[in-house]
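Colleague: I'm still new to reading these models, so could you take one part and walk me through it slowly? The sheet would be a good place to start.

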Amino acid sequence: MTIFIALLRGINVGGHHKIKMADLKSLLESMGLHKVKTYIQSGNVLFESEEEEAQLTKRMEEKLNHTFGFPVPVVLRTAEDLHQITLDCPYSSDTWKEGESVQVAFLGGEPSQEGVDHMYTYNNETEECKIEGREVYFYFRKSIRDSKLAAQLPKLGVTATVRNWKTVIKLADLSKTI
């Protein structure tokens, strides 16, 4: 069995697309997923499955849409992937100053080179990104709230969902306990 982390995009944000974590857990268990755990209300789920990523993603998205009545993009990573993501972060937490943050955008597929090149044109002294495979590491010296760089994510041409560094680390830690 593989340990997966599902990152659901756009649920429980600003009072829209509400899904209770208990309902989400029950739904995923009814799909035959094992050892299902949720973490915070923003759609982070850990579980075990023997299915392959692409098939599992499609099945989860269809079931979520059917059950809750709205599309919920799902991005999956294995526990091993998530551990590697924590190791590959190009921004050391030792150097962050107060008010600075690192966020990771998890991509649903490989981004286009044109999109990657476009994202890099928005790097500047207050915000920057580095794109490694299906992850975009953001370093914000101010805030993500009004970021022109983060607003460019759709230009990558694939589904993306963002988590702060604290959540990424917590999910990696939780994946070791399943």
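In what order do the four strands of the open sheet sit, and is the pairing parallel or antiparallel?

Modeller: Happy to, and keep in mind that this is a predicted model. The four strands go 6-7-5-8 across the open sheet, and they pair in the antiparallel sense. Now look at the two ends of that order. Strand 6 (127–132) and strand 8 (160–164) are the edge strands; each has a single partner strand, so one side of each has no neighbour in the sheet. Going from one strand to the next, the twist averages 20°.

Next, step inside the sheet. Strand 5 (residues 101–107) pairs with strand 7 (residues 135–140) through six bridges, again antiparallel. If you want a spot to click on, try A105, which sits opposite V136 of strand 7.

There's a helix to find here too. Helix 4 (residues 113–120) lies across strand 6 and strand 7, and its direction makes an angle of about 155° with strand 6.

Let's finish with one residue, T161, which you'll find in strand 8. Its relative accessibility is 6%, and buried means under 20%, so T161 counts as buried. What's around it? Setting aside neighbours within four places in sequence, T161 touches L7, L8, R9, V75, V104, A105 and F106. You've met A105 already: that's the residue opposite V136. Finally, the side chain of T161 makes a polar contact of 2.6 Å with the side chain of R163.

Technical notes:
Residues numbered from 1 in each chain as written. Predicted model: local features only at pLDDT ≥ 70, side-chain atom pairs only at ≥ 80, totals over all residues. Heavy atoms only, no water. Pairing = 2+ DSSP bridges. Helix = DSSP H or I, 4+ residues; strand = E, 2+ residues; numbered from the N terminus. Axes fitted to C-alpha atoms, helices over the stretch in contact; angles between N-to-C directions. Contact = heavy atoms within 4.5 Å. Buried < 20%, exposed > 50% of the residue type's maximum accessible area, 1.4 Å probe, protein only. Polar contact = N/O pair within 3.5 Å; in protein donor to acceptor, adjacent residues only side chain to side chain.
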